[in-house]
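Please look over the sequence and the structure shown here before reading on. The report that follows begins with one residue and its surroundings and then turns to the chain and its surface.

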Amino acid sequence: PGCPRPGLLTMGNHQLHPGWRALLGGGLAGIAPSMGGPLLMVPALALLWSVAERPRWSAFWALLAVVISHRWLLALHPLTWMGIPAPLSLPIALTIWLFCGGAAAVLLLVWSGLARCWFSTTSALSTGFSLALLTLLWAGAELLLEGSPLFWIGVGGSVLPLDRSLAGLARWLGSGGLATLQLIWGWGLWQLWLRRGRRRTGWLLSLMLAHALGALSLSPPPAISALRLGAWQPAIPTREKFSPERQRRFNAALSSALQQAQAMKVEALVAPEGALPSRWQPNNFFGVPLPLISGGFRWVRGQLRSSVVLARPDHAELEPLVDKHRLVPLGEWLPPLPAGFTQGLSAVGGLQPGDASRFVQAWPSPSAIAICYEISDGWALAKATSEGAEWLLTIANLDPYPRLLQRQFLALAQLRAIETGRDLLSVANTGPTALVSADGSVQRLMEPGSEAVAAAELQRRRRISGYSRFVGGWSWSSR
């Protein structure tokens with residue numbers, strides 16, 4: 001209200017009603033992550049630009065995009081294993097799913113309101129300035145959301161796995177740069193439609209140039225040495241994890257995995273998020289035959305934390321490596337409410353966050369570790385790389401979610417490897433367990449859902465990528 005309606009975005013003979021354009025665009029944006037990449041996302045953004053001055057339809061676009069891309073949230077149901085009554089399980093899962101979509105709708109409502117005000121003239125200079133502000137605002141918001149308590153899959157993260165050449169530009173621009181490029185191409189595609197295809201040569205040339213530069217940027221930094229690690233995928237259903245029978249069988253399963261890893265002549269075995277029970281110690285397990293890097297729980301001054309710990313032969317106690325900093329609201333982190341109000345909300349009884357740094361200066365060499373959906377925070381891992389991390393590790397437990405989330409998780413792991421120029425090992429309870437090279441290529445170590453042990457050879461690297469150097473310099477100057 002009060003902002004003049006510009007003619008630049010609304011000119012032309014549009015055959016589709018704005019509502020249909022928002023519906024089609026939001027649908028395309030929802031299936032783009034891990035499936036269609038820029039082939040679907042750029043047209044989806046073009047349709048968003050076509051309704052950018054209409055906050056209601058822009059919000060509808062965002063709602064559809066998120067509820068479709070995050071539809072795996074419905075797999076939370078049934079929640080009875082967490083103590084939630086069966087009649088409330090589906091409504092709670094639906095509420096969480098729709099809340100995420102609603103949050104995205106509110107953000108696009110604000111963005112569209114700004115677009116409506118800023119595109120207040122048909123002047124080319126003013127239009128270019130407004131376009132730059134809106135795209136940079138979007139990219140900045142995505143970077144902030146990547147570090148928020150939500151598992152965020154934005155426009156920048158949707159490039160992979162389909163378009164590795166374009167993703168190569170993340171070595172210099174990060175995920176925010178990939179989001180900016182796609183937003184500009186979406187704008188250009190919409191303008192081509194308004195002008196009936198005029199100036200399409202320049203638009204196509206920009207696509208070709210970006211892909212060529214990205215492909216050239218994929219070349220990984222030189223390796224200084226190899227690191228051979230084992231990966232254990234236990235495939236324990238989360239809904240059975242805390243049952244007495246599963247806990248009774250855990251030590252035998254871990255012992256078998258360690259023996260298999262030892263036969264593979266690896267330097268250490270890596271186990272997924274939350275694999276070790278609270279208060280588990282090597283001396284209670286009769287020791288370990290080789291180093292074990294595992295997710296687990298530890299107590300710090302009376303507070304429970306989800307951590308990555310190291311157990312070594314001839315060491316009686318676990319060595320903490322890093323604590324999980326981003327906790328899932330309600331599922332892991334509980335608000336300070338009376339016990340009666342929080343009972344059943346968290347399977348682990350409520351966790352506290354650790355330090356924000358992902359950098360680990362410990363055996364076997366400096367690394368950066370992301371626990372579960374911390375993989376979406378490219379800024380934190382790039383900062384850790386600028387501090388000296390030579391390889392990346394991510395551990396997760398994505399059960400009971402479907403394969404869709406595993407594909408999205410692995411796509412984000414690819415993007416983190418490209419951004420930082422580091423090899424990445426992903427070890428998850430039910431998958432994805434894979435080795436991602438610094439150029440974004442993926443070697444799957446085992447099938448999702450299977451119980452197995454596999455070996456992976458990572459390359460340690462020290463040369464800092466342009467993006468990691470920028471993040472490190474920005475973080476230092478912002479202290």
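## A serine and its surroundings

Ser 294 is in contact (heavy atoms within 4.5 Å) with Ala 271, Pro 272, Ala 275, Leu 276, Ser 307, Val 308 and Val 309, when its neighbours within four places in sequence are left aside. This is a predicted model, in which local features need pLDDT of at least 70 and side-chain atom pairs count only at pLDDT 80 or more, while totals for chains, interfaces and linings use all residues. Residues are numbered from 1 along each chain as its sequence is written, and side-chain values use heavy atoms, with hydrogens and water left out.

Ser 294 lies in strand S3, which covers residues 292-300; helices (H or I, at least four residues) and strands (E, at least two) are DSSP runs, numbered from the N terminus. Three further residues can be set beside Ser 294 in a table, where buried means under 20% relative accessible area, exposed over 50%, and partly exposed in between, with a 1.4 Å probe and protein chains only.

| Residue | Place | Relative accessibility |
|---|---|---|
| Ser 294 | strand S3 (292-300) | 1%, buried |
| Ala 52 | loop between helix H2 (38-50) and helix H3 (55-69) | 0%, buried |
| Leu 16 | segment before helix H1 (18-36) | 42%, partly exposed |
| Arg 407 | helix H12 (403-420) | 37%, partly exposed |

Ala 52 and Leu 109 are 57 residues apart in sequence, and their C-alpha atoms are 9.4 Å apart in space. For the protein chain, among contacts between residues at least 6 apart in sequence, 70% join residues at least 24 apart.

The protein chain has 13 helices and 12 strands, and 54% of its 479 residues count as buried. Its accessible surface, by the Shrake-Rupley method with a 1.4 Å probe, comes to about 20,400 Å², and 63% of this belongs to carbon and sulfur atoms.

Two patches on the surface remain to be described. Patches are made of residues with over 30% relative accessible area and no salt bridge, with like charges joined within 9 Å and nonpolar side chains (Val, Leu, Ile, Met, Phe, Trp, Tyr) within 5 Å; a salt bridge is a side-chain nitrogen of Lys or Arg within 4 Å of a carboxyl oxygen of Asp or Glu. Leu 16, together with Trp 20, Leu 23 and Leu 24, makes a nonpolar surface patch of about 400 Å². Arg 407 belongs to a positive surface patch, which is formed with Arg 71, Arg 403 and Arg 444; Lys and Arg count as positive, and the place of the charge of Arg is taken as CZ.
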